[in-house]
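Morning, everyone. Please look at the structure on the screen, and then I'll take you through it.

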Amino acid sequence: MLWLCIYLPLLPLQVFNASKKHAAPFAVIDRHRVLLCNESAQASGIEPGLTPSTAQALLHDQQHTLSTTERCMAREQTMLQELAETLYCFTPQITLHRKDSLLLEIGASLRLFDGLHMLQQKIRDQLMARELQHQQGIASTPRAAALFARYQYFCQQRGHYNNHATQLSLQDMPIALLELSKKTIEQCHDIGLQRLGELLRLPRDALAKRFSIETRIYLQQLTGERDDPQTSITLPETFTRERFYIDGLIKHDDLLAPMQQLLDELERYLQLRRLHSLGIQWTFQRFSKEKNALTVQVSGPQQSASVFLSLTRLQLNSIPLDSPVECITLHANHFSHVAPANNDFFS
């Protein structure tokens, strides 16, 4: 088996579509500390770990204002699930890993997508279309793939991005990146262990004496000594997607790009499940917390994103924009199955 991990280190920030370079200074707060901030905030000296009041003070001195919001883990998990469903066309074996990663079993997909390089590029294109910064890691076990993906980000943060990290041995991986408790990692450092290879070379008796059964199971799954079964996602019976914008969308034309993205995802969903849609429903939530719904009916079963967008545009100006739109939701739940082709023997 061959596993590919997609690691989204900026997910808490990206769910708010606030990571763009020229956006206003913005930070996500978790446990009364800055968890992540966008480039505009970073340029002003704001960094993770600061209190919100300290961060605001830094910007106040520069006559700027910092927008903040509490971390929304429910929104993060929703985005992960949606992304997994989007990538379902590449492999049906996709698992949500931790709170920030996806695991894809791609061994059976390599021939279909013309090899590993082409498959990785197609997946990368899907992620970049949604402007999602990410790292990929590949290995023969799920946990090793996840470790390599985090190592890529680790290298990037230190200015020495390594395009060939997956060619490195597990032995070289820093212990600080392992999926172990903070206490266990500190325990390793206390006895002079810095790399995974040093930990794995300890005698089994020493490992059993010093570390918990959970730690030993993790190491065995990491190296492939023990099975690590994964629970794959299934496509839902209905389709719901949303886009959230912390700065808001103020014009009807601003709504078109995210609506096109959502309809493209609906089209892929319908193709995967071999369905047609009999209609769609839009919901637009504004900063004023007012919601407006828009129902689009079709004359016959339909899959095409362009058709749905054309029909939506006919009604779009009826949506009031006295307050910016912060969330766009697309929902579809009335489907019909695609009829099998009815060809005769000679055709």
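I'll cover the open space first, then the enclosed space, then two helix contacts.

A word on sources. This is a predicted model, so local features need pLDDT of at least 70 and side-chain atom pairs count only at pLDDT 80 or more, while totals for chains, interfaces and linings use all residues. Residues are numbered from 1 along each chain as its sequence is written, and side-chain values use heavy atoms, with hydrogens and water left out.

Start with the largest pocket. On a 1 Å grid over the protein atoms alone, a pocket is an open set with protein on both sides within 12 Å along at least five of seven lines, and lining residues have an atom within 4 Å of a point. Its volume is about 840 Å³. Volume here is the space filled by probe spheres set on the points, with grid points joined across faces, edges and corners. The lining of this pocket has 22 residues. Nearest the centre lie Y7, P9, R98, D100 and R150.

Which elements each supply at least two residues of that lining? They are β3 (33-37), α6 and α7 (182-190). Helices (H or I, at least four residues) and strands (E, at least two) are DSSP runs, numbered from the N terminus. α6 gives the most, with 4 residues. By class, the pocket lining has 13 nonpolar, 1 polar and 8 charged residues. Nonpolar covers Ala, Val, Leu, Ile, Met, Phe, Trp, Tyr, Cys and Pro; charged covers Asp, Glu, Lys and Arg; the others, Gly among them, are polar.

Now the enclosed space. A cavity is a set of points where a 1.4 Å probe fits but cannot get out. There are 2 cavities of 30 Å³ or more. The largest holds about 90 Å³. Its lining is V15, N17, R75, T78, M79, E82, R130, E242, R243 and F244. Two elements give two or more residues to it: α4 (73-86) and β8 (239-249). The largest share, 4 residues, is from α4. The classes are 3 nonpolar, 2 polar and 5 charged.

The second largest cavity has about 40 Å³. E85, T86, L235, R241, E265, R268, Y269 and L272 line it. α4 and α11 each supply at least two of these residues. Here α11 has the largest share, with 4 residues. By class, that lining is 3 nonpolar, 1 polar and 4 charged.

α11 also packs on a helix. α11 (residues 256-273) meets α12 (residues 305-316) at about 145°, axes 9 Å apart. Axes are lines fitted to C-alpha atoms, for helices over the stretch in contact, and angles run from 0 to 180 degrees between N-to-C directions. The crossing of α11 past α12 is right-handed, meaning the near helix is turned clockwise from the far one by less than a right angle. Contact means heavy atoms within 4.5 Å. On the α11 side, the residues include L256, M259 and L263. On the α12 side, F308, L309 and R313 are among them. The contact has 8 nonpolar, 2 polar and 3 charged residues.

Last, back to α6. What does α6 (residues 142-157) cross at roughly 85°? Helix α10 (residues 213-223), with the axes coming within 7 Å. That makes α6 roughly perpendicular to α10, a label for 65 to 115 degrees. R143, A144, L147 and R150 in α6 meet Y218, Q221 and L222 in α10. This contact has 4 nonpolar, 1 polar and 2 charged residues. R150 in α6 also lies among the residues nearest the centre of the largest pocket.

Technical notes: Parallel < 35°, antiparallel > 145°, perpendicular 65-115°, else oblique.
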